[in-house]
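Colleague: I have a new model open and would like to learn how to read it feature by feature. Can you walk me through it?

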Amino acid sequence: MTAATEPRAIPFFNYKGAFSAREDEYVSIFRDTIHRGAFIQQRDLHDFEHHLAEYLGVKHAIGVGNATDGLVMAWRSAGLVAGDEVIFPSHTMVASPASIVHAGGIPVPVDCGDDHLIDPNAIEAAITSRTRAIMPVQLNGRTANMDRIQEVAARYGLFILEDSAQALGSQFKGRFAGTFGRAGVFSFYPAKLLGCFGDGGAVVTNDDEIARKVLLLRDHGRDDTGEVVTWGFNSRLDNLQAAILDLQFRDYDVIITHRRELAAAYQEQLGDLGEVDLPPAPDADSDHFDVFQNYEIEADRRDELRRALAAQGIGTIIQWGGKAVHQFAALGLNRSLPRTDRLFERCLMLPMNMMVSLDDVGFVCSHVRRFYRGE
Ligand SMILES: Cc1ncc(COP(=O)(O)O)c(C=O)c1O
């Protein structure tokens with residue numbers, strides 16, 4: 001057995017490892033924050049919001065309880081009203097269309113393209129007299145071709161709201177995901193590039209009025225004086241979570257670089273296999289800067305491959321219970337989306353997180369090759 005093939009465990013998620021790697025710093029944050037009794041809407045939250053806004057070059061970043069709530073509040077603040085249709089890609093987490101429904105809108109799913117993101121060509125055919133907005137979902141750490149989406153939106157008078165839950169730091173033509181539409185929403189769910197110890201999210205916008213409304217909505221509809229001016233929610237980003245995120249954010253470039261290096265290694269070692277389709281390589285084109293929230297491949301005999309990798313201790317994931325949104329019968333959104341249907345027969349996520357090493361990628365790739373080629 002060579003070093004590259006000796007058994008080892010590469011879990012898909014490795015929260016324990018990620019915590020242990022910075023345990024002292026995290027414990028010091030817990031101690032400091034708890035000693036100050038700084039739990040809700042305190043300095044740490046404002047610091048993190050400030051750093052996030054500065055990084056993205058936006059006027060406002062507002063910490064919220066999770067991205068799903070953030071999307072609901074963003075829709076409501078951007079003026080979506082009952083009966084408005086919103087076009088979104090069915091290849092997404094159910095949270096994306098759920099946010100539209102909870103804001104009174106009607107989600108209209110469309111197909112994805114070969115990069116697994118919303119197919120700009122599919123949008124126009126789905127537009128009706130009731131269409132009000134487009135929600136690109138910047139999936140797997142990649143930003144959709146926003147030129148084409150913005151062009152369709154402008155032509156039909158639609159507004160854009162980005163579900164950029166999976167794409168903090170991703171760019172299209174030098175502009176960050178989350179900053180193209182009227183608002184963008186990020187998730188800090190533990191598995192995200194920037195992940196807290198529980199739920200967390202943020203709404204970002206350059207629109208003062210949207211920011212004002214989201215600030216009210218996240219805190220029971222109360223303004224700075226405590227006056228209740230609208231029906232609100234309780235969906236604030238906890239101060240402790242913000243402090244943890246702020247720590248991770250200091251090294252955010254390191255996180256992105258690591259993931260891009262892993263993606264480049266996967267590309268180098270699997271790129272010649274005809275049985276798999278890989279995501280675009282990190283240097284595939286100069287328009288996209290991908291941050292690889294996930295490394296989602298398409299694979300022949302996907303389920304067999306998954307079992308073979310599991311037998312070697314390699315964790316993989318098939319996203320969202322193996323179904324696109326339009327495939328969940330209870331939601332009543334069924335329609336023909338052939339590219340998305342094909343994707344869900346073949347998609348598989350290979351290990352991609354801060355605890356995965358280049359050596360681990362070598363191990364994974366050697367077993368993928370063995371599976372197909374007996375190498
Ligand atoms: C594309 C997408 N949108 C929305 C969400 C919801 O995020 P949250 O769990 O923070 O509500 C997720 C979560 O994983 C997601 O992947």
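Modeller: Sure. Keep in mind that this is a predicted model. Let's begin with Arg236, which sits in the loop between helix 8 (208-218) and helix 9 (239-250).

Colleague: Is Arg236 buried or exposed?

Modeller: Buried counts as under 20% relative accessible area. Arg236 has 18%, so it is buried.

Colleague: Then what does the side chain of Arg236 make a polar contact with?

Modeller: With the side chain of Asp219, at 2.7 Å. If you leave out residues up to four places away in sequence, Arg236 touches Ile40, Gln41, Gly63, Val64, Gly65, Arg218, Asp219, His220 and Arg222.

Colleague: On to charge pairs. How should I think about those?

Modeller: The general idea is that side chains of opposite charge can pair when their charged atoms come close. Searching the whole structure here turns up 26 salt bridges.

Colleague: Where would you start?

Modeller: Try Arg36 and Asp44. They form a salt bridge whose closest N and O atoms are 2.9 Å apart. Arg36 counts as partly exposed, at 32% relative accessibility, while Asp44 is buried, with a relative accessible area of 9%.

Colleague: And which parts of the chain does the salt bridge between Arg346 and Glu298 tie together?

Modeller: In that bridge the side chains of Arg346 and Glu298 meet at 3.5 Å, N to O. Arg346 lies in helix 12 (residues 338-346) and Glu298 in strand 12, so the pair ties together parts that are 48 residues apart in sequence. Arg346 and Glu298 are both buried.

Colleague: What about the pair Asp303 and Arg302?

Modeller: Asp303 forms a salt bridge with Arg302, and the closest N and O atoms are 2.6 Å apart. Asp303 is partly exposed, with a relative accessible area of 40%, whereas Arg302 is buried at 10%.

Colleague: Which residues are joined into one network by salt bridges that share partners?

Modeller: Asp114, Asp277, Glu298, Asp300, Arg339 and Arg346. You've already met Arg346 and Glu298 as a pair.

Colleague: Let's do backbone angles. What's the baseline?

Modeller: Most residues other than glycine have a negative phi. Now look at Lys173: it has a positive phi of about 50°, although it is not a glycine.

Colleague: Where does Lys173 lie?

Modeller: In the loop between strand 6 (171-172) and strand 7 (175-176). Lys173 has a relative accessible area of 47%, so it is partly exposed.

Colleague: What is the phi of Phe292?

Modeller: Positive, about 55°, and Phe292 is not a glycine either. Phe292 has its place in the loop between strand 11 (288-289) and strand 12 (295-299). With a relative accessible area of 2%, Phe292 is buried.

Colleague: Now the ligand. How many residues surround it, and which are the closest?

Modeller: There are 15 residues around the ligand, and the closest are Ala67, Thr68, Asp163, Ser187 and Lys192.

Colleague: What polar distances should I look at?

Modeller: Start with a nitrogen atom of the ligand, which is 2.7 Å from an N or O atom in the side chain of Asp163. Then take Ser187, where a polar side-chain atom lies 2.7 Å from an oxygen atom of the ligand. For Lys192, an N or O atom in the side chain is 2.7 Å from an oxygen atom of the ligand.

Colleague: How much of the ligand's area does the protein bury?

Modeller: Taken alone, the ligand exposes 380 Å², and the protein buries 93% of that.

Colleague: What about the surface? Which residues form a nonpolar patch there?

Modeller: Phe13, Tyr15 and Tyr189 do, and together they have about 310 Å² of accessible area. Tyr15 lies in helix 1 (residues 15-21). Its relative accessible area is 41%, so Tyr15 is partly exposed.

Colleague: One last site, please: where is Val81 found?

Modeller: In the loop between helix 4 (67-78) and strand 2 (85-89). At 46% relative accessibility, Val81 counts as partly exposed. Val81 touches Gly104 and Arg132, again not counting residues up to four places away in sequence.

Colleague: And how far apart are Val81 and Ile100?

Modeller: They are 19 residues apart in sequence, and 9.8 Å apart in space from C-alpha to C-alpha.

Terms used
Residues numbered from 1 in each chain as written. Predicted model: local features only at pLDDT ≥ 70, side-chain atom pairs only at ≥ 80, totals over all residues. Heavy atoms only, no water. Helix = DSSP H or I, 4+ residues; strand = E, 2+ residues; numbered from the N terminus. Buried < 20%, exposed > 50% of the residue type's maximum accessible area, 1.4 Å probe, protein only. Polar contact = N/O pair within 3.5 Å; in protein donor to acceptor, adjacent residues only side chain to side chain. Contact = heavy atoms within 4.5 Å. Salt bridge = Lys/Arg side-chain N within 4 Å of Asp/Glu carboxyl O. Patch = residues over 30% accessible without salt bridge, like charges linked within 9 Å, V, L, I, M, F, W, Y side chains within 5 Å. Areas by Shrake-Rupley, 256 points an atom, 1.4 Å probe, with all protein chains shown as cover. Near = heavy atom within 4 Å.
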